[in-house]
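Biologist: I have a chain open here and want to go through its fold. Can you take my questions as they come?

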Amino acid sequence: MAYISMGEAHRRITDYLNRFSDSIFSQDALSLKQLISISSNSSSLLSLADALNVFQDANRLVKQSDRFSQFGEIVVPLLRCLQNYRINRLAEAYNSFEKSANAFLQEFRNWESAWAMEALYAIAYEIRVLAEMADRELASLGKTPEKLKAAGSFLMKMFGALAGKGPKRIGALNVTCQLFKVYFKLGTVNLCRSVIRSIETAKIFDFEEFPVRDKVTYMYYTGRLEVYNENFLAADQKLEYALVYCNPRSEGNIRMILKYLIPVKLSLGIIPKSWLLEKHNLGEYHDIVLALKRGDLRLLRRALQEHEDQYVYLSTYRYCTCDQLLQMECLSLIPLFHQILKVRCLSCSGEA
C-alpha cells in the first residue's frame, strides 16, 4: 500500500460519504450498488479501505454531518466491514456487513417505490459471498463455520420484505436464488421447499413478470432439486427452460445447466449429439454416450469409474447398497442409465 497522508485519507472518506448520500437522494440504485459491493475489489473501494486504515475516526465524520448521520446505521458498519475486509478479517467483515444490511433493509421497507432494487440485489449477493469467505476463515482457524447459516436467515428476512403486494415483489425471485445457493452449499436443500411453495402457489407472484436472469437461475436450481428427487420429467422441463433462456454468451452457465440436463435426457432415452459435448467441453459424457449407443456395459462401467468423482459431486451418480454392478440381458437406455441417476441395484433392491 502506498503512503497516504491524513488529509488524503480524510478526502477519500468524505468523497465516499457524499457519493453514498447522493445516490440515495437521487435514487440512483446503480451508483449505490457499486458503493456497497465489497467483494468486487474495485479500485475505488480498495483505496477507501486504505484510507480507513489511516484515518481511524470515520465515525466522527458521519456523526458531525446531518447529511451523513441520517444514514449512519447503514454506512458506519459498512465502512467497518470494508476496513476489516481489506486486512482479511473476514468474519468481522461479515458481522459488520450484516449489521449494515439489516439497517438498509429497514430503510428499504419504508421507501414506497422499488427504486433501490439493484442495490438490494447487491446486498443479497454480498451477504452470501462474504459469509462463504468468513466460513472458510473460521474453518481454517479450527472454529465452527456459522456465517453462511446466518446469511440464510437474513435472506429469508429479506424475502419476507419482498413477498407482499406492490412493485417490490419483483425482487423476490432474485433473493430466492441466493437462498438456493446457500441451501445447496450447506446441504440443506429441503429448506428450499417452503420458498418454492411461496413462489409457485402465492397469487401475488406472476412468474412471467420476473426478470429473465432470475427465472433462468430459479429453473436451474429447481431442476437440480427434481434430479435429486428423481423426478426426471419435471427436471427435464425446468432445465430445458433454463437452457433455452440462458444468455448465449454465458458459456459457463450453459455448461453447468448441461451437466444436469444431459444425464436427465439420457435417463429419458434421449442421446445428445457429439458436437454438443465437444462445443461445451463435456468430454466426461463422451464414453457414456458411446456405451449407450453400442450397448457396451463394459465401456459404461469404465466411463463411470473414470469420472466417478464428478458424477457423485453433481448428485447424478451414487453407489448402490451392495458391490454388485447392475446386470441385465437387454441393455436398453433407461434401465442402463439408472446406474448414473440414483443407482438402483436389481440384485438387492437397495438404493443409494
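**Contacts and overall fold**

Modeller: Of the contacts in the chain between residues at least 6 apart in sequence, 64% link residues at least 24 apart. Contact means heavy atoms within 4.5 Å.

Biologist: What kind of model is this, and how are residues numbered?

Modeller: It is a predicted model, where local features need pLDDT of at least 70, side-chain atom pairs count only at pLDDT 80 or more, and totals for chains, interfaces and linings use all residues. Residues are numbered from 1 along each chain as its sequence is written, and side-chain values use heavy atoms, with hydrogens and water left out.

Biologist: How many helices and strands does the chain have?

Modeller: The chain has 19 helices and zero strands. Both are DSSP runs numbered from the N terminus: helices are H or I with at least four residues, strands are E with at least two.

Biologist: What percentage of the residues count as buried?

Modeller: Of the 352 residues, 49% count as buried. Buried means under 20% relative accessible area, exposed means over 50%, and partly exposed is in between (1.4 Å probe, protein chains only).

Biologist: And what area does the chain expose?

Modeller: About 17,500 Å², with carbon and sulfur atoms supplying 50% of it. Accessible areas come from the Shrake-Rupley method with a 1.4 Å probe; for residues, only the protein chains shown count as cover.

Biologist: Let's go to the N-terminal end. At what angle do helix 1 and helix 2 pack?

Modeller: Helix 1 (residues 6-25) and helix 2 (residues 29-36) pack at about 145°, and their axes are 8 Å apart. Axes are lines fitted to C-alpha atoms, for helices over the stretch in contact, and angles run from 0 to 180 degrees between N-to-C directions.

Biologist: Which residues make that contact?

Modeller: Helix 1 brings Tyr-16, Arg-19, Phe-20, Ser-23 and Ile-24, while helix 2 brings Ser-31, Leu-32, Leu-35 and Ile-36. By class, the contact has six nonpolar, two polar and one charged residues. Ala, Val, Leu, Ile, Met, Phe, Trp, Tyr, Cys and Pro count as nonpolar; Asp, Glu, Lys and Arg as charged; the others, Gly among them, as polar.

Biologist: Tyr-16, then. Buried or exposed?

Modeller: Tyr-16 is buried, at a relative accessible area of 2%. Leaving out residues up to four places away in sequence, Tyr-16 touches Leu-35, Leu-45, Leu-48, Val-75, Leu-78 and Leu-79. Tyr-16 and Leu-45 sit 29 residues apart in sequence, yet 8.9 Å apart in space, C-alpha to C-alpha.

Biologist: What does Ser-21 touch?

Modeller: Arg-67, Phe-68 and Phe-71, again not counting residues up to four places away in sequence. Ser-21 also lies in helix 1 and counts as buried, at 1% relative accessibility.

Biologist: What about the loop after helix 1? What is the phi of Gln-27?

Modeller: Positive, about 55°, although Gln-27 is not a glycine. Gln-27 lies in the loop between helix 1 and helix 2 and is partly exposed, at 47% relative accessible area.

Biologist: And where is Asn-41?

Modeller: Asn-41 is in the loop between helix 2 and helix 3 (43-52). Its phi is positive too, near 55°, in a residue other than glycine. At 42% relative accessibility, Asn-41 counts as partly exposed.

Biologist: Switching to helix 6. Why call it largely enclosed by the rest of the structure?

Modeller: Because 12 of its 15 residues are buried. Among them are Ile-74, Val-75, Leu-78, Leu-79, Gln-83 and Asn-84. The end C-alpha atoms of helix 6 (residues 72-86) are 21 Å apart, which agrees with the 21 Å expected at 1.5 Å a residue. That expected span is 1.5 Å times one less than the number of residues.

Biologist: What comes just after helix 6?

Modeller: Asn-88, with a positive phi of about 65°.

Biologist: On to helix 9. Which helices do its buried residues pack against?

Modeller: Helix 7 (90-110), helix 8 (117-140), helix 10 (172-186) and helix 11 (192-201). The buried residues of helix 9 include Leu-148, Phe-154, Leu-155, Met-158 and Phe-159. Helix 9 (residues 147-162) reaches 23 Å from its first C-alpha to its last, close to the 22 Å expected.

Biologist: Last one. Which residues is Arg-128 in contact with?

Modeller: Leu-148, Gln-178, Lys-181 and Val-182, leaving aside neighbours within four places in sequence. Arg-128 lies in helix 8 and is buried, with a relative accessible area of 9%.
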